2 protein chains.
Amino acid sequence: MASKAGGVSREDGERRNRADDVIQAAVETFHDKGYSATSIQDVADRVGVLKGSLYHYIDSKEDLLARIFEESDRQSFALMEEMEALDVPAVDRLREFARLWSLWYLENVERASLYFNEWKHLTGERLAAVTQTRHEYEARVERMIRACKADGGADPDLDTHYACFFILSAINGLPIWYRRGGPDSAEHISEVYADMIVATVTGSKGHKRPRAKKRKAKAKAA
Amino acid sequence: MASKAGGVSREDGERRNRADDVIQAAVETFHDKGYSATSIQDVADRVGVLKGSLYHYIDSKEDLLARIFEESDRQSFALMEEMEALDVPAVDRLREFARLWSLWYLENVERASLYFNEWKHLTGERLAAVTQTRHEYEARVERMIRACKADGGADPDLDTHYACFFILSAINGLPIWYRRGGPDSAEHISEVYADMIVATVTGSKGHKRPRAKKRKAKAKAA
């Protein structure tokens with residue numbers, strides 16, 4: 001449905017803008033009421049159109065949810081490609097990815113929350129597509145972490161598979177606790193997160209397996 | 001309803017065991033079907049009793065959810081107290097907490113998932129109680145991280161508030177991707193997570209703010 005750049009007729013442009021409005025209204029309504037409790041009528045009310053005219057843009061409520069996810073995925077893959085093209089050491093690339101991806105979450109709290117809370121409402125091909133996209137994304141993040149190991153920037157003992165889940169989970173948690181208008185800017189928080197993510201892969205040097213150490217310390221204290 | 005140790009009559013003991021069965025059946029049913037789609041009848045069916053007899057143990061479906069959370073909270077606070085009593089350097093205490101708390105998540109995937117997916121169904125006093133407990137818990141984890149900074153074990157620039165959210169989010173993500181019977185044991189994964197959590201607080205040394213560096217590298221490449 002997206003018009004090609006350079007050849008956008010006025011009608012196409014308006015249609016696309018209205019489609020964007022529909023998506024944005026759906027993001028807000030699903031976020032406020034939850035996907036299950038939201039009706040197409042609620043979304044139409046928020047856009048300010050009749051319910052019937054929403055069906056020019058979407059097939060169903062599930063279609064609307066899938067469109068939101070596709071848009072989020074497009075943005076996340078665009079960021080990923082931008083990062084992969086950076087000509088910098090792997091750890092700096094990871095840091096920049098971590099910073100910008102955290103920032104995206106903080107600036108798109110509602111979309112990010114939907115992604116993690118409501119994906120289970122997709123079915124069939126739509127669910128398969130979102131799942132595959134998520135796996136591809138995870139694989140590319142893991143490749144970025146592996147590159148840090150390969151060029152000596154990361155802890156040589158790092159398990160890149162679990163590091164990938166660890167880092168993505170930490171970022172996924174942002175919409176849960178972040179509130180707009182808090183004491184720190186989204187930019188500041190994403191810098192702090194980027195530092196912690198780099199720390200995760202560069203490793204703790206000398207703090208591995210302290211369980212034996214702990215027991216010794218206990219024995220000493222006794 | 002819990003009987004005091006040493007003074008448990010046979011009737012009390014049976015009652016408690018049945019209450020445990022009810023909670024466990026509720027965990028499984030809520031996890032499989034989702035809280036909203038589950039009826040008290042579904043839970044009764046899983047326990048193998050008549051619906052009416054469930055009301056000896058609980059007041060409502062919401063009460064059942066609250067009981068599950070209370071039990072999870074009791075376990076998490078018990079672990080916290082055990083950790084706070086350890087006579088070891090603060091970073092080793094944090095590591096042991098991170099390891100055992102990750103392990104709890106992996107061994108209680110269903111309860112952990114419920115906690116994060118279904119808490120929003122609590123209302124009134126129950127919601128207030130769970131929210132307060134979570135805040136207390138976060139405050140104690142943050143205190144543990146601050147102790148690492150105070151005794152020189154952590155990155156002196158670490159933001160302990162965000163580090164706390166970061167670490168708890170990383171652990172909260174475990175039930176999302178972990179599947180029982182995967183290639184690595186829960187014990188192994190929790191060791192790996194403990195290492196990464198310690199790395200998060202001990203810091204990345206020399207990898208701070210590489211954005212200026214990136215721009216230089218880009219200029220060089222151009």
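Here are legends for a few close-ups of this predicted model.

**View 1. Where H8(A) meets H8(B).** Residues 160-172 form helix H8 in chain A and also in chain B, and these two helices pack with their axes 7 Å apart, at an angle of about 115°. The crossing of the pair is right-handed. On the chain A side, look for Phe166(A), Ser169(A), Ala170(A) and Asn172(A); chain B brings in Phe166(B), Ser169(B), Ala170(B) and Asn172(B). Sort the residues of this contact by type and you get four nonpolar, four polar and no charged.

**View 2. H8(B) and its surroundings.** Eleven of the 13 residues here are buried, so H8(B) is largely enclosed by the rest of the structure. The buried set includes Tyr162(B), Cys164(B), Phe165(B), Ile167(B) and Leu168(B). Phe166(B), Ser169(B), Ala170(B) and Asn172(B), which touch H8(A), are buried too. As a quick geometry check, 13 residues at 1.5 Å a residue should span 18 Å, and the end C-alpha atoms of H8(B) are indeed 18 Å apart, so the two agree.

**View 3. The two domains of chain A.** The domain assignment splits chain A into domain 1 (9-58) and domain 2 (61-204). Their C-alpha centres lie 27 Å apart. Ten residues of domain 1 and 13 residues of domain 2 make up the contact.

**View 4. The domain 1 side of that contact in chain A.** Helices H1 (10-33) and H2 (40-47) of chain A each put at least two residues on the side of domain 1 that touches domain 2. H1(A) gives the largest share, with six residues. By type, this side of domain 1 has eight nonpolar residues, one polar and one charged.

Methods. Residues are numbered from 1 along each chain as its sequence is written. Chains are lettered from A and ligands numbered from 1 in the order in which they are written. This is a predicted model: local features need pLDDT of at least 70, side-chain atom pairs count only at pLDDT 80 or more; totals for chains, interfaces and linings use all residues. Axes are lines fitted to C-alpha atoms, for helices over the stretch in contact, and angles run from 0 to 180 degrees between N-to-C directions. Helices (H or I, at least four residues) and strands (E, at least two) are DSSP runs, numbered from the N terminus. A crossing is left-handed if the near helix is turned anticlockwise from the far one by less than a right angle, and right-handed if clockwise. Two residues are in contact if their C-beta atoms, placed from the backbone, lie within 7 Å. Ala, Val, Leu, Ile, Met, Phe, Trp, Tyr, Cys and Pro count as nonpolar, Asp, Glu, Lys and Arg as charged, and the others, Gly among them, as polar. The expected span of a helix is 1.5 Å times one less than its number of residues. A residue is buried if 20 or more other C-beta atoms lie within 10 Å of its own, exposed if 12 or fewer, and partly exposed in between; C-beta atoms are placed from the backbone. Domain bounds come from an automatic or database domain assignment.
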